[in-house]
Amino acid sequence: MNEDHAKYHSPNAFCGNAGPEEMKHMQSLIDKLTDEELKRLVKNCGIDFIANEEDLTREDYEGVVDEAGREDFYRVYESIISSRKEKSKRTR
């Protein structure tokens with residue numbers, strides 16, 4: 001792993017720490033999110049972009065989510081899924 005790159009994300013980020021199975025699991029979770037949920041996940045994990053948000057694609061968000069701290073990722077992910085379930089209950 002590039003040591004300079006490591007300075008810009010959590011020391012417990014997926015990037016550089018997670019093995020192939022955990023990376024595959026993370027991607028399977030990301031695939032279940034809508035574009036808006038993925039944006040919220042990235043933001044709530046403390047990852048900021050320099051570019052304008054309007055110019056970013058889903059692939060841009062998917063390309064940086066591995067820089068999230070693993071605990072943050074799972075906590076925020078669970079919160080997003082829980083709020084989705086609550087919203088679904090209210091609209092029935």
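**Exercise 1. Start from F73: work out whether its side chain is buried or exposed, then sort out its ring partner.**

Step 1. F73 has a relative accessible area of 0%, so F73 is buried. Keep in mind that we're working with a predicted model here.

Step 2. Now look at Y77. Its relative accessibility is 8%, so Y77 counts as buried too.

Step 3. Place the two along the chain. F73 and Y77 both sit in helix α5, 4 residues apart, which means about one helical turn separates them. As a reminder, an α-helix has 3.6 residues a turn, so residues three or four places apart point the same way.

Step 4. Check the ring geometry. The centres of the F73 and Y77 rings are 5.9 Å apart and the planes make an angle of 20°. The cut-off for stacked is under 30 degrees, so this pair is stacked.

Step 5. Widen the view: F73 and Y77 belong to one aromatic cluster together with F14 and Y74.

**Exercise 2. Find how many aromatic pairs the model has, and classify the one formed by F49 and Y61.**

Step 1. With ring centres required to lie within 6.5 Å, the count comes to 5 aromatic pairs.

Step 2. For F49 and Y61, the centre-to-centre distance is 5.0 Å and the planes are 70° apart. Planes over 60 degrees apart count as edge-to-face, and that's the label for this pair.

Step 3. Where do the two partners sit? F49 is in the loop between α3 (35-44) and α4 (58-64), while Y61 is in helix α4, so the pair ties together parts 12 residues apart in sequence.

Step 4. Compare the surroundings. F49 is partly exposed at 29% relative accessible area, whereas Y61 is buried at 2%.

Step 5. List what Y61 touches, leaving out residues up to four places away in sequence: L38, K39, V42, F49, E53 and L56. One more distance for Y61: its C-alpha atom is 9.4 Å from that of I47, 14 residues away along the chain.

**Exercise 3. Describe how α2 packs on α5.**

Step 1. Grab the two descriptors. Two packed helices are described by the angle between their axes and the distance between the axes. For α2 (residues 20-31) and α5 (residues 70-90), these come to about 30° and 12 Å.

Step 2. Turn the angle into a word. Angles under 35 degrees count as roughly parallel, so α2 is roughly parallel to α5.

Step 3. Add the handedness: α2 passes α5 in a left-handed crossing.

Step 4. Name the residues. From α2 come E22, H25, M26, L29 and I30; from α5 come R70, F73, Y74 and Y77. By class, this contact has 6 nonpolar, 1 polar and 2 charged residues.

**Exercise 4. Do the job again for α3 and α5, then see which α3 residues are buried.**

Step 1. The axes of α3 and α5 come within 9 Å and cross at roughly 145°.

Step 2. This crossing is right-handed.

Step 3. On the α3 side the contact uses E37, R40, L41 and N44, and on the α5 side F73, V76, Y77, I80, S83 and R84. The class tally is 5 nonpolar, 2 polar and 3 charged. F73 and Y77 turn up here as well as in the contact with α2.

Step 4. The buried residues in α3 are E37, L38, K39, L41 and V42. These buried residues pack against α2, α4 and α5.

Step 5. Step off the end of the helix: just after α3, G46 takes a positive phi of about 85°.

**Exercise 5. Decide whether S79 is buried, partly exposed or exposed, and relate S79 to L41.**

Step 1. S79 lies in helix α5.

Step 2. Its relative accessibility is 45%, so S79 counts as partly exposed.

Step 3. Along the chain S79 and L41 are 38 residues apart, yet their C-alpha atoms are separated by 9.3 Å.

**Exercise 6. Zoom out and summarise the whole chain.**

Step 1. Count the elements: 5 helices and 0 strands, giving the pattern α-α-α-α-α along the sequence.

Step 2. Get the dimensions. The C-alpha trace spans about 50 × 30 × 20 Å along its principal axes.

Step 3. Check burial: 34% of the 92 residues count as buried.

Step 4. Look at contact range. Taking contacts between residues at least 6 apart in sequence, 66% join residues at least 24 apart.

Terms used
Residues numbered from 1 in each chain as written. Predicted model: local features only at pLDDT ≥ 70, side-chain atom pairs only at ≥ 80, totals over all residues. Heavy atoms only, no water. Axes fitted to C-alpha atoms, helices over the stretch in contact; angles between N-to-C directions. Helix = DSSP H or I, 4+ residues; strand = E, 2+ residues; numbered from the N terminus. Parallel < 35°, antiparallel > 145°, perpendicular 65-115°, else oblique. Left-handed = near helix turned anticlockwise from the far one by under 90°. Contact = heavy atoms within 4.5 Å. Nonpolar A, V, L, I, M, F, W, Y, C, P; charged D, E, K, R; others polar. Buried < 20%, exposed > 50% of the residue type's maximum accessible area, 1.4 Å probe, protein only. Phe/Tyr/Trp six-rings, centres within 6.5 Å; stacked < 30°, edge-to-face > 60°.
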